[in-house]
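Good morning, and thank you for making time for this item. I would like to take you through one chain, from its overall make-up to a few individual residues.

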Amino acid sequence: MSSLVARWLALPPNLRGILWVGLSGIMFALLNVFTLIPAQHLNSYVMAFMRYLAGTLLLLPLIVRLGTHRTFHSYRKSLHVARGVIHACGMFLWFAALPLISLAELTALGFTGPIFVTIGAALFLGEDVRLRRWAAVLVGFGGAMIIIRPGFAEIGWGAVCVLISTPIFSASNLISKSLARTDSAETIVAWQHCVIVVCAAPVAFWFWQTPSWIDLVWFLGAGLAGTLGHICQQRGYQIADITLLQPIGFLSLIWNTLLGFFLFTQQPDIWTFVGAAVIFGSAMYISHREAVRRAQIKSAASQPAP
């Protein structure tokens, strides 16, 4: 066992980050599968609450082992709370979309995340976004339009909910990347679960629908897959650049498409893959420009003062 750990630690940090994020994509695909069945008959607010309640219960052994002080200790508690509230809003929309759209379309539309990150950086952070990156944003938006095809196919509420939830999740991911510089993956995930449970509980109880015993089994599976997915993702964020990890997320289209086809006979049309390819190209370019920009800033900072 120790030799395996030593070999793992001997790998370059960027490669370990890629493997962690790749594994998180598989976990999140399983999360979608485990929640798709109860999503057919349960309210989205109840779904979000039950998924994170199950995840929190599964985190209890880890919290007990580490101790509550060590698990929740952070100098940035307000940022943890803000991220949990933001993520909860995205989760409500995501679960509302789940029974209304195929897993492949759900994943492909979620790839618009880097586009919204770029828009947010320009509008709220004052970042200098030039013509080429704006062109990539427009191309990525065009990819989303290829998938939903307004004017040629009816735009369902599922696609609308995903497109609204994506910038919300993008904001949550940016905050988690910032938190990963100072806090452990376990601390970030524990705060996320607890805050979302507290936020979702009042709304879920207002729209309460009692889950069946079978639903509870699905939620436990979802809680396990989702919790492991977030821990793997945070570990990847801690050791590798987020711009390097961004393209790895596109592998989730493969996992979700295969699971949707074999388990639920979902057959996305060719336009889903065409649109996903366009969005992928756009996001890759945005990630490349971000990496170049950071390299230029780092190089300028290393130059001696005149």
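Let me begin with a term: two residues are in contact when heavy atoms of theirs lie within 4.5 Å. Please also keep in mind that this is a predicted model.

With that term in place, consider helix α5. The buried residues of α5 pack against α2 (13-36), α3 (44-66), α6 (103-110), α9, α10 and α11. Which residues of α5 are buried? They are His80, Arg83, Gly84, His87, Ala88, Gly90, Met91, Phe92, Trp94, Phe95 and Ala97. As for its length, α5 covers residues 77-97, and its 21 residues should span 30 Å at 1.5 Å a residue. The end C-alpha atoms of α5 are 31 Å apart, in agreement with that expectation.

Let me now step back to the whole chain. The secondary structure consists of 14 helices and zero strands. Of the 306 residues, 46% count as buried. Among contacts with a separation of 6 or more, 89% join residues that are 24 or more positions apart. The chain exposes about 15400 Å², and carbon and sulfur atoms supply 72% of that area.

An example of two residues distant in sequence is Leu174 and Arg83: 91 residues separate them along the chain, while their C-alpha atoms are 9.4 Å apart in space. Arg83 is among the buried residues of α5. Leu174 lies in helix α9, residues 157-179, and counts as partly exposed because its relative accessibility is 40%.

I turn next to charge pairing. In general, side chains of opposite charge can pair when their charged atoms come close. How many salt bridges does the chain contain? The count comes to one. The partners are Arg235 and Glu186, whose side chains meet at 2.4 Å, N to O. This pair links distant parts of the chain, with Arg235 in helix α11 (residues 213-239), Glu186 in helix α10, and their positions 49 residues apart.

Are these two partners buried or exposed? Glu186 counts as buried, because its relative accessibility is 16% and the cut-off for buried is under 20%. Arg235, by contrast, stands at 30% and therefore counts as partly exposed. Leaving aside residues up to four places away in sequence, Glu186 touches Leu62, Leu66 and Arg235.

Glu186 brings us to its helix, α10, which runs over residues 185-206. With 22 residues, α10 reaches 32 Å from its first C-alpha to its last, close to the 32 Å expected at 1.5 Å a residue. Where does α10 bend? The bend, of about 35°, is at Ala200, and a proline, Pro202, follows within four residues.

My last topic is the surface. A nonpolar patch there is formed by Leu251, Ile254, Leu258, Phe261, Phe262 and Leu263, which together have about 590 Å² of accessible area. One of these residues, Phe262, sits in helix α13, residues 252-264. Phe262 counts as exposed because its relative accessible area is 63%, and the cut-off for exposed is over 50%.

To close, I would draw your attention again to three places in the predicted model: the buried residues of α5 with the helices they pack against, the salt bridge of Arg235 and Glu186, and the nonpolar patch that includes Phe262. Thank you; I am glad to take questions.

Notes. Residues are numbered from 1 along each chain as its sequence is written. This is a predicted model: local features need pLDDT of at least 70, side-chain atom pairs count only at pLDDT 80 or more; totals for chains, interfaces and linings use all residues. Side-chain values use heavy atoms; hydrogens and water are left out. Helices (H or I, at least four residues) and strands (E, at least two) are DSSP runs, numbered from the N terminus. Buried means under 20% relative accessible area, exposed over 50%, partly exposed in between (1.4 Å probe, protein chains only). Accessible areas come from the Shrake-Rupley method with a 1.4 Å probe; for residues, only the protein chains shown count as cover. A salt bridge is a side-chain nitrogen of Lys or Arg within 4 Å of a carboxyl oxygen of Asp or Glu. The expected span of a helix is 1.5 Å times one less than its number of residues. The bend at a residue is the angle between axes fitted to the seven residues ending there and the seven starting there. Patches are made of residues with over 30% relative accessible area and no salt bridge: like charges are joined within 9 Å, nonpolar side chains (Val, Leu, Ile, Met, Phe, Trp, Tyr) within 5 Å.
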